[in-house]
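Subject: Structure handed over, with notes

Hello,

Here is the structure you are taking on. Please look through it before reading the notes underneath.

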Amino acid sequence: MQTLGYNQNSLFAYSFIQPKLTDCQKEVYDAMRAMNRQFTDKELAHFMSYEINRITPRRGELLKKGLIRKAGDVIRDGRKASLWEIGTIL
């Protein structure tokens with residue numbers, strides 16, 4: 001079930017795990033939700049006006065917690081990049 005473009009399972013998982021997230025993890029996850037689309041690390045860093053090395057560790061942590069998932073790969077700027085999206089790992 002989709003709600004405002006967000007996976008309902010992801011929202012449930014986030015509400016359950018939210019107290020266990022660091023402030024940085026919450027900030028990055030909230031930005032991911034605000035983007036409301038699939039994104040690369042570079043696009044997320046640009047959206048947040050952060051250096052990419054500040055984004056990728058938090059994205060990796062959120063992936064391990066099951067709050068985001070890999071949506072595929074894309075070629076951007078002549079290079080292969082992973083696409084990410086909000087959603088639980090099934």
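The notes below go from the whole chain to one helix, then to a pocket and a few single residues.

Please keep in mind that this is a predicted model.

Overall make-up

The protein chain has four helices and four strands. Along the sequence they come in the order β-β-α-α-α-α-β-β. The chain has 90 residues, and 38% of them count as buried. If you take the contacts between residues at least 6 apart in sequence, 46% of these join residues at least 24 apart. The exposed surface of the protein chain comes to about 5,700 Å², with 53% of it supplied by carbon and sulfur atoms.

Helix α3

I spent some time on helix α3, which runs over residues 41-48. Which of its residues are buried? They are Asp-41, Leu-44, Ala-45 and Met-48. These four lie on the same side of α3, because the arc they cover around the axis is only 100°. What do the buried residues of α3 pack against? Their partners are α2 (23-35), α4 and β4 (79-86). On the face of α3 turned away from the buried side are the exposed residues Lys-42 and His-46.

Lys-42 belongs to helix α3 and has a relative accessible area of 53%, so it counts as exposed. Leaving aside neighbours within four places in sequence, Lys-42 is in contact with Ile-52 and Asp-77. Lys-42 and Ala-81 are 39 residues apart in sequence, while their C-alpha atoms are 8.8 Å apart in space.

Phe-47 is also a residue of helix α3. Its relative accessible area is 44%, and Phe-47 is therefore partly exposed. Apart from neighbours within four places in sequence, Phe-47 has contacts with Ala-31, Ala-34 and Met-35. For the pair Phe-47 and Met-35, the separation is 12 residues in sequence and 7.9 Å in space, C-alpha to C-alpha.

Arg-59 in helix α4

Helix α4 covers residues 52-64 and includes Arg-59. Is Arg-59 buried or exposed? Arg-59 counts as buried because its relative accessibility is 13%, and the cut-off for buried is under 20%. Not counting residues up to four places away in sequence, Arg-59 touches Met-32, Asp-41, Ile-68 and Trp-84. Asp-41 is one of the buried residues of α3 named above.

The largest pocket

The largest pocket has a volume of about 260 Å³. Its lining is made up of Thr-40, Asp-41, Lys-42, Glu-43, Arg-76, Asp-77, Arg-79, Lys-80, Ala-81, Ser-82 and Trp-84. The elements that contribute two or more residues to this lining are α3 and β4. Which element gives the most? That is β4, with five residues. Sorted by class, the lining consists of seven charged, two polar and two nonpolar residues. Lys-42 and Asp-77, which are in contact with each other, both appear in this lining.

Residues with positive phi

Most residues other than glycine have a negative phi. The following residues have a positive one.

- Asn-36 has phi near 55° and is not a glycine. Asn-36 sits in the loop between α2 and α3, and with a relative accessible area of 42% it is partly exposed.
- Ser-49 comes just after α3 and takes a positive phi of about 60°.
- Asp-77 has a positive phi of about 55°, again without being a glycine. Asp-77 is in the loop between β3 (68-76) and β4. Its relative accessible area of 63% makes Asp-77 exposed.

Where to start

If you want one place to begin, take helix α3. Its buried residues pack against α2, α4 and β4, and α3 also gives residues to the lining of the largest pocket. From there, Asp-41 leads on to Arg-59 in α4, which touches it, and Lys-42 leads on to Asp-77, with which it is in contact.

Regards

Methods: Residues numbered from 1 in each chain as written. Predicted model: local features only at pLDDT ≥ 70, side-chain atom pairs only at ≥ 80, totals over all residues. Heavy atoms only, no water. Buried < 20%, exposed > 50% of the residue type's maximum accessible area, 1.4 Å probe, protein only. Contact = heavy atoms within 4.5 Å. Arc of directions from axis to C-beta. Areas by Shrake-Rupley, 256 points an atom, 1.4 Å probe, with all protein chains shown as cover. 1 Å grid on protein atoms, 1.4 Å probe; cavity = no way out; pocket = protein on both sides within 12 Å on 5 of 7 lines; lining within 4 Å. Points joined across faces, edges and corners; volume = space filled by probe spheres on them. Nonpolar A, V, L, I, M, F, W, Y, C, P; charged D, E, K, R; others polar.
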